[in-house]
Amino acid sequence: MPKQPTPKVTTGTRRTKAKKDPAAPKRPLSAYMFFSQDWRDASKPRTLTQDSVCDVGRLLGTKWKEMSDEEKKPYVEMASKDKERAESEKAAYANKA
């Protein structure tokens, strides 16, 4: 028997998206995201013109690639701690539901 397609919930011509539970735990941040939070302000040139998000991201990506594993180590450790936090929150959320 062929698989039946699931019906799509529509309102007029637009599909509606399921609402996310605001009490759901947040996802863990990666090591690069911790790095970018620390370096974002320092990487922006001190000029009056506003740099685009792409320019700042490009500078941060280049800096991240040039860093050695030893320099990345604190950010990797923060990411692993955040991953443990997210897993414990996810387990507690699943048990509560």
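A residue is called buried when its relative accessible area is under 20%, exposed when over 50%, and partly exposed in between (1.4 Å probe, protein chains only). The structure described here is a predicted model, in which local features need pLDDT of at least 70 and side-chain atom pairs count only at pLDDT 80 or more, while totals for chains, interfaces and linings use all residues. Residues are numbered from 1 along each chain as its sequence is written, and side-chain values use heavy atoms, with hydrogens and water left out.

The confidence of the predictor in each residue is expressed as pLDDT, from 0 to 100. The chain has a mean pLDDT of 84, and 80% of its residues reach 70 or more. Helices (H or I, at least four residues) and strands (E, at least two) were taken as DSSP runs, numbered from the N terminus. By this assignment the chain contains three helices and two strands, arranged along the sequence in the pattern β-β-α-α-α. Among these elements, the lowest mean pLDDT (60) belongs to strand β1 (residues 10-11), and the highest (96) to helix α3 (residues 69-96). Of the 97 residues of the chain, 16% are buried. Contact was defined as heavy atoms within 4.5 Å. Of the contacts in the chain with a separation of 6 or more, 73% are between residues 24 or more positions apart.

A nonpolar core was defined as a set of buried Ala, Val, Leu, Ile, Met, Phe, Trp, Tyr and Cys residues joined through side-chain atoms within 4.5 Å. The largest such core has nine residues: A31, F34, F35, V56, L60, W64, M67, Y75 and A79. Two or more residues of this core come from each of α1 (31-43), α2 (53-66) and α3.

Within the core, F35 belongs to helix α1. F35 counts as buried because its relative accessible area is 0%. When neighbours within four places in sequence are left aside, the contacts of F35 are L60, K63, W64, M67 and Y75. The C-alpha atoms of F35 and A79 are 9.9 Å apart, with their positions 44 residues apart in sequence. L60, one of the residues touched by F35, is part of helix α2. With a relative accessible area of 4%, L60 is likewise buried. Between the C-alpha atoms of L60 and A42, which are 18 residues apart along the chain, the separation is 9.9 Å. M67 is in contact with F35, K72 and Y75, residues up to four places away in sequence not being counted.

Helix α3 was examined for its length and its bend. The expected span of a helix is 1.5 Å times one less than its number of residues. For the 28 residues of α3 this gives 40 Å, and the end C-alpha atoms are 39 Å apart, which agrees. The bend at a residue is the angle between axes fitted to the seven residues ending there and the seven starting there. A kink of about 30° is found in α3, centred on Y75. Y75 is also one of the buried residues of this helix, the others being K72, A79, D82 and A86.

Salt bridges were counted where a side-chain nitrogen of Lys or Arg lies within 4 Å of a carboxyl oxygen of Asp or Glu. The structure holds three of them. Side chains of opposite charge can pair when their charged atoms come close. In helix α2, R58 and D55 are three residues apart, about one turn of the helix, and their side chains form a salt bridge with an N to O distance of 3.0 Å. R58 is exposed, since its relative accessible area is 53%, whereas D55, at 31%, is partly exposed.

In helix α3, R85 takes part in a salt bridge with D82, the closest N and O atoms being 2.8 Å apart. R85 and D82 are three residues apart, about one turn of the helix. D82 is buried, with a relative accessible area of 13%, while R85 is partly exposed at 27%. R85 also pairs with E89 in a salt bridge (2.8 Å, N to O). E89 is four residues from R85 in α3, again about one turn of the helix, and its relative accessibility of 34% makes it partly exposed. Through shared partners, these salt bridges join D82, R85 and E89 into one network. An α-helix has 3.6 residues a turn, so residues three or four places apart point the same way.
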